[in-house]
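Subject: Handover of a structure and notes on its features

Dear colleague,

Please find the structure below, together with its sequence. My notes follow it, and I would ask you to read them with the model open beside you.

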Amino acid sequence: SSGQAWNSKHYQKVMESTSVSPMNTSEEIKLTDVFQLMLLKFEKEEFPTLEEYDPSHPTVVFNLSKWYLEPEDIAKLLIDQYVIAGNLPENQDVKKEAVIRAFRYWQTQFSEDFRFVPELGFKLSDLQSLIKENGDDKLLDYLEMDQLSEDRWGRQSSLKTPSHIIRRPSLGFDATSPEDLAEVLASVDYKLFRRIPFREFCVYAQMARLSDSTTRIEECIRLFNGVTVWVVCNVLREYTMLKRADIIEKFIDTAEKLYEIHSYNTMLAVVGGLNHFSVKRLYQTWSKVDKAKRENLDKWTNFFSMDSNYGAYRQRVQQIENDVFQQPVLGILMKDLVAVDGQLKNYTDKEKTLLSMSKYKKLWQQLSKLRQYQIIPPHFVPNNEFMSVFRAAVTQSHMSDDALEELSQIREPPVGDNKSSPTRKESKLAKFADWASGNMPQLDVDTLKKHVAKMVDSVFRVYDTDQSGYISIDEFQSISSNFPFIESFSVLDRDKDGVISREEMMDYFLSANTSLREIFKHNFVEHTFIATAYCEHCKGVLKGIVRQGVRCKDCGISCHKHCKDYVVVDCRKHNEKKSKRHRRQLGSTSATNGEYDVDDELSLKERLKRAEAARDALSAENAELHAKLAEANAKIQQLNGYIATIRQHTIGFILEQMNTLQPQMDTAV
């Protein structure tokens, strides 16, 4: 690039070779040439609307260059062009101004790059210093350094709640219409999707898998899977068939509304939840669902069919106008990017200097749509507080497929040889595709606590109607409708003062989150307690005669069987060395707490016999220890006598030696 900066004849040929359409696979060009063609547009102030593909248009260049280079390398390339322009024999000011205007265009049109890549801030500072050194202070007006503020850009791109929206503290799942529910879920999904940096799409497409560099994509996957499980949980939380049927119809209407507002990613999650094997097997419940609703669900399920490479879905997306909001299915979008990257190579030469213009054009066809999806917001904006509450409810839905299937069996036990209810293998569950398979990295504890704290604040703002700073039992009823399978009020109210504090709610949601379970993992085993015992989680009494609860073999805490997954107490294993006597005591029984390990169901009489035998064994051992103690005391007394005798002989010997030495000392003097 240093030898051919703005050579008019050279770039006239380049422009002619890259402007023809259609392009064939033999066309190639250097990336620096593409940038310099773009700089010529800034120099001539020619910015035609991007109605047709133009490889040197600034929007195309700044979009596609991130596929080949890191953002900080793009900044370095522009800074190099500024230095080259300063060494030209003529038109230095015009060409340097073109570089700065290109940098400014990047700042304003692609501000997310500066928000997510801190290194760009340093490059911008370097450019500012270089401009001052060259005496081009007037060019600094193009670069507004205050726009490096991440907070400012974050506020500009965030969803705002209109001031005319009235706060509705009583909002809950049961009281929310399908239209409002669809808008809330779509907004939460869009809010995460638009924050995915462009570079993450490039990394995933080139690696064809998730990695440490795709954290925002992983967050969207968590939300998608959470919505699916949340739908299933809301259906299974109802005890009666009619109520479950009502919930199913509500979610079918929600899916239809999501279709109307073009939020297809969330729509697939909802449809996937309704097709989950734990829901589809509820044959009696589905018989209560309106026939027209069932037909609608079949229609939406076929809409996401993989037939003809998602032909029905793709046809619908193509019919939507470019300036209308739509939320694509992220899995299908990522598959398309992987396919484009795998079909053609980035470069046509071994030195990786010449770009394949055929792939360049194909990438633009995909990435231009992607950017359009991210920058066009929905026409509806629900209350941010309700979005936080619903997002918390979705992300807290962490039940496994086995747990959901077990609960489904409880709601509707299998009857005879009924073949109408599908098994897990026969279910049409719309998974988030194979591209999201595998164990997903969990959030670190500090990040998780920050999100839970934000969610708890939103819950209190929405549901604490009297602004007392506590949740009463009446206010808790509205919360429970949003959080399927949330524990009872008494479980959250750990101090039993009749209200739930922020700290109590924080502890509950942290303990319920799967990311923290490894931290609080205990080695629980069933246990029979002779003395009265209390649950570490809910503080309730462990009732019953045998096997009243579970007890950790490592740290010794006890709790109910149904509370063991929610204990928020770190397991502190006993690392101290136990004496032989203590090990013998643990092997037989513990006299301090009166607890016994029982393997089989025993009657009270048998338990008492064991207790008496254990007591006799302890008495015998106690007598034996007393005898050993008496023997040890006798030995100690004998040793004390030996020590006294030795002390007397030692003192006498010392005095005798001193008397012997005294005459010798006098003679010497």
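How many bridges join strand β3 to strand β4, and in which sense do the two strands run? Strand β3 covers residues 524-529 and strand β4 covers residues 549-552. The two strands run antiparallel, and four bridges join them. Please bear in mind throughout that this is a predicted model.

The strands

To follow the pairing by eye, begin at Val 525, which stands opposite Arg 551 in β4. Arg 551 also stands opposite Ser 558, a residue of β5. Arg 551 is therefore a convenient place from which to look both ways, since it faces Val 525 and Ser 558 under the pairing rule of at least two bridges between two strands. Strand β5 consists of residues 558-559, and its pairing with β4 is antiparallel, over two bridges. Together β4 and β5 form a hairpin, with five residues between the two strands. In the turn you will find Gly 556, whose phi is positive, at about 90°.

The chain as a whole

The chain has 669 residues, of which 46% count as buried. Its secondary structure comprises 27 helices and six strands. Its accessible surface comes to about 35,700 Å², and carbon and sulfur atoms account for 50% of that area. Among contacts in the chain with a separation of 6 or more, 71% are between residues 24 or more positions apart.

Two helices that cross

Next, please look at helix α10 (residues 198-207) and helix α18 (residues 330-343). Their axes come within 8 Å and cross at roughly 60°. The crossing is right-handed. On the α10 side, the contact is made by Phe 201, Tyr 204, Ala 205 and Gln 206. On the α18 side, Leu 330, Met 334, Leu 337, Val 338 and Asp 341 take part. Sorted by class, the contact has seven nonpolar residues, one polar residue and one charged residue.

Around helix α18

Several further residues can be found by starting from α18. Pro 328 is in the loop between α17 (311-319) and α18. Is Pro 328 buried or exposed? Its relative accessible area is 2%, so Pro 328 is buried, the cut-off for that class being under 20%. Apart from neighbours within four places in sequence, Pro 328 is in contact with Phe 193, Asn 265, Tyr 313, Leu 333 and Tyr 373. The last of these, Tyr 373, is 45 residues from Pro 328 in sequence, and the two C-alpha atoms are 7.6 Å apart in space.

Gln 343 belongs to helix α18 itself. Gln 343 counts as exposed because its relative accessibility is 55%, and the exposed class begins over 50%. From C-alpha to C-alpha, Gln 343 and Lys 359 are 8.5 Å apart, with 16 residues separating their positions in sequence.

Lys 352 is placed in the loop between α18 and β2 (354-356). Lys 352 also counts as exposed, because its relative accessibility is 59%. Its phi is near 60°, which is a positive value in a residue other than glycine. Lys 352 and Lys 30 are 322 residues apart in sequence, and their C-alpha atoms are 9.2 Å apart in space.

Two further residues

Trp 300 lies in helix α16, which spans residues 291-303. With a relative accessible area of 4%, Trp 300 is buried. Leaving aside neighbours within four places in sequence, its contacts are Ile 252, Ala 255, Glu 256, Tyr 259, Met 267 and Val 271. Trp 300 and Tyr 313 are 13 residues apart along the chain, and their C-alpha atoms are separated by 9.9 Å. Tyr 313 has appeared already, among the contacts of Pro 328.

Finally, Asn 91 is found in the loop between α4 (71-86) and α5 (92-109). What is the sign of phi in Asn 91? Phi is positive, near 55°, and Asn 91 is a residue other than glycine. Asn 91 is partly exposed, because its relative accessible area is 45%, and that class lies between the cut-offs of 20% and 50%.

With kind regards,

A colleague

Definitions and conventions:
Residues are numbered from 1 along each chain as its sequence is written. This is a predicted model: local features need pLDDT of at least 70, side-chain atom pairs count only at pLDDT 80 or more; totals for chains, interfaces and linings use all residues. Side-chain values use heavy atoms; hydrogens and water are left out. Axes are lines fitted to C-alpha atoms, for helices over the stretch in contact, and angles run from 0 to 180 degrees between N-to-C directions. A crossing is left-handed if the near helix is turned anticlockwise from the far one by less than a right angle, and right-handed if clockwise. Contact means heavy atoms within 4.5 Å. Ala, Val, Leu, Ile, Met, Phe, Trp, Tyr, Cys and Pro count as nonpolar, Asp, Glu, Lys and Arg as charged, and the others, Gly among them, as polar. Buried means under 20% relative accessible area, exposed over 50%, partly exposed in between (1.4 Å probe, protein chains only). Accessible areas come from the Shrake-Rupley method with a 1.4 Å probe; for residues, only the protein chains shown count as cover.
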